[in-house]
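Dear colleague,

Please find below the structure that I am handing over to you, followed by an account of what was found in it. I would be grateful if you could read the two side by side.

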Amino acid sequence: MQRSQFGQRGATINGQPVDVAASVTRTLSRPTAQPDGEQFNLLAIVGILSCTLLFLAWFEALLSGTSLITPINQTLLWGMRGVGLVFGAVVTFVIVFGISDYSLIRRIATLLFGPFIFAFGFGEMAYRISDWTEFGFSNQQVEQAQYPIASIGWGRRGARDSIQIDPFKTGDNTDIPINSAQYHALRDSGDYGCVTVMQRKSKSGAIEIATNGQYMWSKPEQVAVARCGFDGGAATPAPTGSGNPWSKD
């Protein structure tokens, strides 16, 4: 009859020392911890989705073919910027502390600049909201107008060369894309003059012009630039077809 080894030094189980078998059992029964990168973080996902939505709104404004050139409601503008600043602070905080592989430098940079990027984006959204509110379903008459050119800009980061105007001193220039040849001609002349645009007015007095967007897939056509003197408030017969940027023909 086999004698029990319980309590004896050097006891074995199935040929293995008791202490080795116990160690293996503890190792097998211990749950495996999930890597940090695989942990589900709902707050981080919300932050990333918020950034994506804001980027899409900002991108729509860049590609839009129209722009308001008159001042918008300042309460709306600064209210949206304030909301963007607070929202951006929350989102950047979530992103920084929700993604564990961020370096210290990246965390600091994101915390410093993230809220201001959101504030700028929400400010641009305020302009788009005002534009949609004033002209979303507008059938106002189209007219030509002439405005002084404030400056010209060389296209960078995929943007077209452009003419900038700010006839109502809003502090935010409106970009009108031009082709490279016209940009160089204006730069060499040093006398920008005025640009003729297609515009329409809302009942409240807001003015929207066609800009074709600073970021365009096709090469911009030559825009009408001449010496200032044309009465910008004078209406002309509305063009039809491709000459009217709002025409359905």
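**Pro220 and its surroundings**

Leaving aside residues up to four places away in sequence, Pro220 touches Arg160, Pro177, Ile178 and Asn179. Please note that the model is a predicted one. Pro220 belongs to the loop between β9 and β10, and with a relative accessibility of 8% this proline counts as buried. Between Pro220 and Gln182 there are 9.9 Å from C-alpha to C-alpha, while the two residues are 38 apart in sequence.

**Overall composition**

The protein has 249 residues, of which 34% count as buried. Its secondary structure consists of five helices and 10 strands. If one takes the contacts between residues at least 6 apart in sequence, 74% of them join residues at least 24 apart. The exposed area of the protein is about 16300 Å², and 59% of that area is supplied by carbon and sulfur atoms.

**Nonpolar cores**

In soluble globular proteins, nonpolar side chains tend to be buried together. The largest nonpolar core in this model comprises 16 residues. Those with the most contacts inside this core are Tyr147, Ile163, Ile165, Ile176, Val195, Val197 and Ile209. Two or more residues each come from β4 (143-148), β6 (162-165), α5 (180-189), β8 and β9 (207-210). A further core of 13 residues lies apart from the largest one, and includes Leu77, Val91, Ala126 and Tyr127.

Ile165 may serve as an example from the largest core. When residues up to four places away in sequence are not counted, Ile165 touches Ile69, Tyr147, Pro148, Ile149, Ala150, Asn173, Thr174, Ile176, Val195 and Ile209.

**The disulfide**

A search of the whole structure finds one disulfide. The bond joins Cys194 to Cys228, with an S to S distance of 1.8 Å. Cys194 lies in strand β8 (residues 194-201) and Cys228 in the segment after β10 (225-226), so the pair ties together parts that are 34 residues apart in sequence. The torsion about the S-S bond of Cys194 and Cys228 is about 95°, and the disulfide is therefore right-handed. As to accessibility, Cys194 counts as buried because its relative value is 4%, whereas Cys228, at 45%, counts as partly exposed.

**Salt bridges**

Four salt bridges are found in a search of the whole structure; three of these are described here, beginning with Lys201 and Glu143, whose side chains meet at 3.9 Å, N to O. This pair links distant parts of the chain, with Lys201 in strand β8 and Glu143 in strand β4, 58 residues apart. Lys201 is partly exposed, with a relative accessible area of 34%, while Glu143 counts as buried at 9%.

Are the partners in the salt bridge between Arg200 and Glu208 buried or exposed? Arg200 is buried, with a relative accessible area of 7%. Glu208 is likewise buried, its relative accessible area being 3%. The side chains of Arg200 and Glu208 meet at 2.8 Å, N to O.

Arg187 forms a salt bridge with Asp188, and the closest N and O atoms of this pair are 3.6 Å apart. Here Arg187 counts as partly exposed at 45% relative accessibility, and Asp188 is exposed, with a relative accessible area of 60%.

**Surface patch**

Leu104, Ile108, Leu112, Phe113 and Ile117 make a nonpolar surface patch of about 550 Å². Ile117, one of these residues, is placed in helix α4 (residues 104-135). With a relative accessible area of 55%, Ile117 counts as exposed, because the cut-off for that class is over 50%.

**A positive phi angle**

Most residues other than glycine have a negative phi. Lys169, however, has a phi near 55°, which is a positive value in a residue other than glycine. Lys169 is found in the loop between β6 and β7 (174-177), and this lysine is exposed, with a relative accessible area of 72%.

Yours sincerely

Methods. Residues numbered from 1 in each chain as written. Predicted model: local features only at pLDDT ≥ 70, side-chain atom pairs only at ≥ 80, totals over all residues. Heavy atoms only, no water. Patch = residues over 30% accessible without salt bridge, like charges linked within 9 Å, V, L, I, M, F, W, Y side chains within 5 Å. Areas by Shrake-Rupley, 256 points an atom, 1.4 Å probe, with all protein chains shown as cover. Helix = DSSP H or I, 4+ residues; strand = E, 2+ residues; numbered from the N terminus. Buried < 20%, exposed > 50% of the residue type's maximum accessible area, 1.4 Å probe, protein only. Disulfide = S-S within 2.5 Å. Core = buried A, V, L, I, M, F, W, Y, C linked by side-chain atoms within 4.5 Å. Contact = heavy atoms within 4.5 Å.
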